[in-house]
Amino acid sequence: LDMLSTRRLAMVLGVTAAVLITEGLGAILSGSLALLADAGHMLVDSAGLVIALIVTIISRRPRTDTYTWGLARSEVVSAAFQSGMLLIVCVSIFVEAVERLQHPVQVSPGLMALFGALGLLGNIVSLLLLLIVRRETLNLRAAFLEVATDSLASAGVVLGAGLTYWAGNTRIDIYLSFLIAAVMAPRAILLLRQSLAILLERTPKSLDLDEIRSYVRTLPHVIDVHDLHISTISSHLVA
């Protein structure tokens, strides 16, 4: 799956970059904060996918005396970095949305719907590309989740455009921006917690340290176990 993952990540990166440019242009032309929020999310995705692509390649490098586990841990660092960037985007969207509640901006629902639909189409293509390989590593899982959230955000932009046109209320776009940030933030926090737990050497949840210690004590010639550690190095490597 390694080469397949690399090729598909590269293709998703191309699609994501295209959607980012499209939605950024659409946000400028339509004045939609929701579209700008989705474009900001796509910016984080693009950076995250670049990192994911690099990590997918370098994590295959062999172990050395300097890096005794190779660079396998780089995928966890990548996931933590992506989730941190996503939280910054969420805060930025929230702040801008509060500002627009006080000083509303005119929104063009037609352009908003058009560019939102183009973004949704691109995200669906990316989801299909990552569907097969998404469970391979924490890094790929993070990429898939980001694209999935993008798809929901793009669908919300299209729906918001329809509601704005029907109701004639530009505040719908602001409320939609709050919703997009609210959807992104919990997932980013969860991914950050998972990544930090690995980086801080937390014992994997699937293993019971006391049970393992007790078992080792029952082995012939073992008197006691004084210093036992279990660490997750990468998605598929526990030491």
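These legends accompany three close-up views of a predicted model.

**View 1. Glu201, a residue with a positive phi, in the loop after helix 6.**
This close-up takes us to the stretch joining helix 6 (171-199) to helix 7 (209-217), where E201 is found. The backbone is the thing to look at here: phi of E201 is near 65°, a positive value, and the residue is not a glycine. As for the surroundings, E201 is partly exposed because its relative accessibility is 40%, which lies between the 20% and 50% cut-offs.

**View 2. His221, an exposed loop residue with a positive phi.**
Moving along the chain, we come to the loop that runs between helix 7 and strand 1 (232-234), the place of H221. H221 is another non-glycine residue with a positive phi, in this case about 70°. With a relative accessible area of 83%, H221 is over the 50% cut-off and therefore counts as exposed.

**View 3. Leu71 and its contacts in the loop before helix 3.**
Here we turn to L71, in the loop between helix 2 (33-58) and helix 3 (74-102). Which residues does L71 touch, once its neighbours within four places in sequence are set aside? They are I58, S59 and R61. L71 has a relative accessibility of 23%, so the residue falls in the partly exposed class rather than under the 20% cut-off for buried. For a sense of scale, try finding H41 as well: H41 and L71 are 30 residues apart along the chain, and their C-alpha atoms are separated by 28 Å.

Note on methods
Residues are numbered from 1 along each chain as its sequence is written. This is a predicted model: local features need pLDDT of at least 70, side-chain atom pairs count only at pLDDT 80 or more; totals for chains, interfaces and linings use all residues. Side-chain values use heavy atoms; hydrogens and water are left out. Helices (H or I, at least four residues) and strands (E, at least two) are DSSP runs, numbered from the N terminus. Buried means under 20% relative accessible area, exposed over 50%, partly exposed in between (1.4 Å probe, protein chains only). Contact means heavy atoms within 4.5 Å.
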